[in-house]
Amino acid sequence: VREAGGDSILSLSSETHKALNRRSVIEKRLLLALDQKNLKVLYQPQVDLQTGDIIAVEALVRWEDEEVGVVSPDELIPIAEESGLINNIGSFVIEEACKQAAKWKNEGLNLKVSINLSVREFRDKNMAKSILNTLEKTGCPANLIQIEITEKFALEAEAETSIINQMRKLENAGIVFVLDDFGTGYASFRYMQLLPISILKIDQAFIGSLLQSEKTQRLINGMVQFGKSMNLIVLAEGVETIEQRNLLEQYGCDAIQGFLISKPITELEVSNLVATV
Ligand code: C2E
Ligand code: CA
Ligand code: CA
Ligand code: CA
């Protein structure tokens, strides 16, 4: 094998080797970072289109390591899911988010904080209980916390009673569920009936192509109308231009998130931004 076209085979396997190596270094460093709380959370504002107020922020994990450098969530989360460390990331982000929401509340800011959780985390039978414990410990009211689940999550969860029960438990306590990346999964309306979802978040890929064709505009308008007819709050993510914003407003979309308002920023920058809006 080595003789015929050996070079490319060798370099391919060395690439694979490098990737595997980076992965195992990331796992090791992540364990350490979690232990030392060396991760950070940034917050991206969500704005009510009727009032222009910042009503919520999405908590997004950030990690820069001495050895491996910046590891983006798109690289980090899959590795964490496979190694089982996703639960530790979740615990960290939940605690940070609850502390921060409680802190803003004490400063007189009524800001909800939205947290991304994966289906794997909800397979932990104590998930709901541990979130409720964190709320109590941090003095954060349940109605300040939102949980973002993806369509993929919803599809898997609809067959798992214990996940549905945990979601209902959290919803009864006052936590709101957001269906993230709406429109990108496999169309299933069954979970709309089964899961306690209150907010529909239209995926940024649709918003990004909003201005490209009339067909996309009809599609997104349809998504907004669908959400409204289901009595859901409709939120659009990845809004980057005023033209996108205006069309979404015209469709009756309730809220937007995206670079047009702000990129993800620190808690201090959020406080300052809210003060100036
Ligand atoms: P997501 O939940 O769909 O989050 C939105 C992503 O889009 C974020 O990327 C955000 O920075 C980016 N974004 C926001 N506004 C705009 C915009 O106007 N234009 C464009 N092009 N992008 C925008 P980020 O922070 O890199 O996160 C990527 C994904 O990683 C998230 O997608 C989410 O699925 C996951 N993630 C991030 N933090 C966490 C976490 O704490 N736990 C879990 N389980 N997943 C997380
Ligand atoms: Ca999200
Ligand atoms: Ca999303
Ligand atoms: Ca996404």
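1. Lysine 201. Strand β7, residues 197–202, contains lysine 201. The model is a predicted one. Lysine 201 has 0% relative accessibility, so the residue counts as buried. Its side chain makes a polar contact of 2.9 Å with the side chain of glutamate 58. A polar contact of 3.0 Å joins the lysine 201 side chain to that of glutamate 148.

2. Surroundings of lysine 201. Beyond its neighbours within four places in sequence, lysine 201 is in contact with a set of residues that includes Gln46, Val178, Leu179 and Phe182. Leu235 and Gln257 are also among the contacts. So are Glu58, Glu148, Asp180, Asp181 and Glu237. These five names return in the metal sites: Glu58, Glu148 and Asp180 coordinate the calcium ion (ligand 2), and Asp180, Asp181 and Glu237 coordinate the calcium ion (ligand 3).

3. Calcium ion (ligand 2). What coordinates this ion? The donors are Glu58 (OE), Asn116 (OD1), Glu148 (OE) and Asp180 (OD), at 2.2 to 2.4 Å. Along the chain they follow the spacing E-x57-N-x31-E-x31-D. Distant parts of the chain are linked here: glutamate 148 sits in strand β5 (residues 145–150) and aspartate 180 in strand β6, 32 residues apart. Glutamate 148 is buried, with a relative accessible area of 2%. Aspartate 180 also counts as buried, at 6% relative accessibility.

4. Calcium ion (ligand 3). The coordinating atoms come from Asp180 (OD), Asp181 (OD) and Glu237, which is listed twice through OE; distances run from 2.2 to 2.7 Å. The donor residues are spaced D-D-x55-E in sequence. Again the site draws on distant parts of the chain: aspartate 181 belongs to strand β6, while glutamate 237 lies in the loop between β8 and α11, 56 residues apart.

5. Exposure at ligand 3. Is aspartate 181 buried, exposed or partly exposed? With 23% relative accessibility, aspartate 181 counts as partly exposed, because buried means under 20%. Glutamate 237 is buried, with a relative accessible area of 8%.

6. The bridge. Which residue bridges the calcium ion (ligand 2) and the calcium ion (ligand 3)? Aspartate 180 does, and the two ions lie 4.1 Å apart. Aspartate 180 is also in contact with lysine 201.

7. Helix α10, length. The helix covers residues 214–229, 16 residues in total. At 1.5 Å a residue, α10 should span 22 Å. Its end C-alpha atoms are 22 Å apart, so the span agrees with the expected value.

8. Helix α10, faces. Thr216, Ile220, Met223, Val224 and Gly227 are buried in α10. Seen down the axis, the buried residues fall within an arc of 95°, so they line one face of the helix. Glu214, Lys215, Arg218 and Ser229 are exposed on the other side.

9. Helix α10, packing. What covers the buried residues of α10? The cover includes strands β6 (176–182), β7 and β8 (233–236). Helices α9 (204–208) and α11 (242–251) also take part. β7 is the strand that holds lysine 201, and β6 holds aspartate 181 and aspartate 180. Asparagine 231 follows α10 and has a positive phi, near 65°.

10. Aromatic pairs. How many aromatic pairs does the structure hold? There are five. In one of them, the rings of phenylalanine 122 and phenylalanine 153 have centres 5.5 Å apart and planes at 80°, so the pair is edge-to-face. Phenylalanine 122 is in helix α4 (residues 119–122) and phenylalanine 153 in helix α6 (residues 151–157), 31 residues apart. Phenylalanine 122 and phenylalanine 153 are both buried.

11. A tilted pair. For phenylalanine 122 and phenylalanine 177, the ring centres are 6.5 Å apart and the planes at 55°, so the pair is tilted. The link runs from helix α4 to strand β6, with the two residues 55 apart in the chain. Phenylalanine 122 counts as buried at 0% relative accessibility. Phenylalanine 177 is buried too, its relative accessible area being 0%. Ring pairs link Phe122, Phe153 and Phe177 into a cluster.

Technical notes:
Residues are numbered from 1 along each chain as its sequence is written. Chains are lettered from A and ligands numbered from 1 in the order in which they are written. This is a predicted model: local features need pLDDT of at least 70, side-chain atom pairs count only at pLDDT 80 or more; totals for chains, interfaces and linings use all residues. Side-chain values use heavy atoms; hydrogens and water are left out. Helices (H or I, at least four residues) and strands (E, at least two) are DSSP runs, numbered from the N terminus. Buried means under 20% relative accessible area, exposed over 50%, partly exposed in between (1.4 Å probe, protein chains only). A polar contact is a pair of N or O atoms within 3.5 Å; within protein, one must be able to donate a hydrogen and the other to accept it, and residues adjacent in sequence count only if both atoms are side-chain atoms. Contact means heavy atoms within 4.5 Å. The expected span of a helix is 1.5 Å times one less than its number of residues. The arc is that of the directions from the helix axis to the C-beta atoms. Donors are N, O and S atoms within 2.8 Å of the metal (3.2 Å for Na, K and Ca); water is not among the atoms, so sites may look incomplete. Rings of Phe, Tyr and Trp (its six-membered ring) pair if their centres lie within 6.5 Å; planes under 30 degrees apart count as stacked, over 60 as edge-to-face and the rest as tilted.
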